[in-house]
Amino acid sequence: MDLRAYLSRHPLIVAPRLLGWRLAKDGCEVRLIELEAYADLEDPGSHAHRRPTRRNSPMFGPPGHAYVYFCYGNHWMVNIVAHEPGRAGAVLVRGALPFAGEALLRSRRPKARSDRDLLNGPGKLAQALRVDGSHSGLDLLSEGSPLRLLPPENWRPDHEPDWERIRVTPRVGLAEGKGHELPWRFVLAEEE
DNA sequence: ACTTCGATGTCCT
DNA sequence: GGACATCGAAGTG
């Protein structure tokens with residue numbers, strides 16, 4: 001099973017399994033510690049709940065690509081496309097820790113007062129990594145892509161999540177009726 | 001064409 | 001803990 005196949009499962013399966021993976025861009029790397037699953041048919045809070053549009057079309061495309069969209073007038077949200085064949089879905093990256101290039105990450109987040117303020121939010125993460133709409137649709141698994149998704153060292157396809165260390169909660173920021181009660185958020189507990 | 005409102009961050013009290 | 005800036009996308013007519 002290669003990485004693409006690993007991501008070709010329901011986003012709810014993929015999300016907890018991507019904890020500890022890294023996003024890399026121009027010398028910076030961040031380690032993912034907070035992720036949310038967004039599905040299609042059964043998930044009214046997902047952009048893939050409806051038909052494909054110019055914005056959400058990456059969610060319907062190949063797993064392992066990026067889906068980046070603009071929200072609340074200021075912020076870019078980074079997603080990793082993940083879904084079963086013939087379906088749609090993605091994993092939203094909501095939080096991370098610096099792994100490499102920390103000084104550069106910091107310089108792009110001048111408003112971050114504390115360490116935990118640097119990457120603890122989807123908009124903050126995109127700002128620190130300088131990801132925006134121009135990256136939507138990029139293949140995160142292809143060498144040579146400016147934005148890449150990297151598995152942990154010693155990763156194996158049969159790796160299972162360490163549930164002892166994962167906190168499962170409802171997703172953040174969803175209105176009533178949008179699946180706000182679904183426990184589809186996964187956080188590496190002792191690292192938040 | 002116009003309206004609504006969001007998968008948020010920041011600053012202020 | 002609360003106000004609010006900010007601007008596309010998508011829904012409505």
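This report describes the DNA contacts, the salt bridges and one buried serine of a predicted model.

Local features are given only at pLDDT of at least 70 and side-chain atom pairs only at pLDDT 80 or more, while totals for chains, interfaces and linings use all residues. Residues are numbered from 1 along each chain as its sequence is written, chains are lettered from A and ligands numbered from 1 in the order in which they are written, and side-chain values use heavy atoms, without hydrogens and water.

**DNA strands**

A residue is called near a strand if one of its heavy atoms lies within 4 Å of that strand. Around DNA strand C stand Arg50, Thr53, Arg55, Phe70, Tyr72, Gly73 and Asn74. Of the atoms of DNA strand C that come within 4 Å of the protein, 74% belong to sugar and phosphate. By class, this surface has two nonpolar, three polar and two charged residues; Ala, Val, Leu, Ile, Met, Phe, Trp, Tyr, Cys and Pro count as nonpolar, Asp, Glu, Lys and Arg as charged, and the others, Gly among them, as polar.

DNA strand B has 20 residues around it, of which Tyr72, His75, Asn79, Arg109 and Gly123 come nearest. Here sugar and phosphate make up 56% of the strand atoms within 4 Å of the protein. The surface near DNA strand B divides into nine nonpolar, seven polar and four charged residues. Strand 4 (75-81), strand 5 (90-100) and helix 5 (122-129) each supply at least two of its residues. Helices (H or I, at least four residues) and strands (E, at least two) are DSSP runs, numbered from the N terminus.

The table lists polar contacts with the DNA, a polar contact being a pair of N or O atoms within 3.5 Å.

| Protein atom | DNA atom | Distance |
|---|---|---|
| Thr53, side-chain N or O | strand C, phosphate oxygen | 3.0 Å |
| Arg55, side-chain N or O | strand C, sugar or linking oxygen | 3.4 Å |
| Tyr72, polar backbone atom | strand C, base oxygen | 2.5 Å |
| Tyr38, polar side-chain atom | strand B, sugar or linking oxygen | 3.4 Å |
| Arg109, side-chain N or O | strand B, phosphate oxygen | 2.9 Å |
| Lys124, polar backbone atom | strand B, phosphate oxygen | 3.1 Å |

**Salt bridges**

The structure contains 16 salt bridges, each a side-chain nitrogen of Lys or Arg within 4 Å of a carboxyl oxygen of Asp or Glu. One of them joins Arg171 and Asp43, at 2.8 Å from N to O. Arg171 is in the loop between strand 7 (166-169) and strand 8 (185-188) and Asp43 in the loop between strand 2 and helix 3, so the pair ties together parts 128 residues apart in sequence. Arg171 is buried at 5% relative accessibility, and Asp43 is buried at 0%. Buried means under 20% relative accessible area, exposed over 50%, and partly exposed in between (1.4 Å probe, protein chains only).

Arg108 and Asp26 form another salt bridge, at 3.2 Å from N to O. Arg108 is buried at 10%, whereas Asp26 is partly exposed at 43%.

Within helix 4, Arg106 and Glu102 lie four residues apart, about one turn of the helix, and their closest N and O atoms are 2.9 Å apart in a salt bridge. A network of salt bridges links Glu34, Glu36, Arg94 and Arg185.

**Ser46**

Ser46 lies in the loop between strand 2 (28-38) and helix 3 (57-60) and is buried, with a relative accessible area of 6%. Its side chain reaches the backbone oxygen of Ala39 at 2.5 Å; within protein, a polar contact also requires that one atom can donate a hydrogen and the other accept it, and residues adjacent in sequence count only if both atoms are side-chain atoms. Apart from neighbours within four places in sequence, Ser46 is in contact (heavy atoms within 4.5 Å) with Tyr38, Ala39 and Met59.
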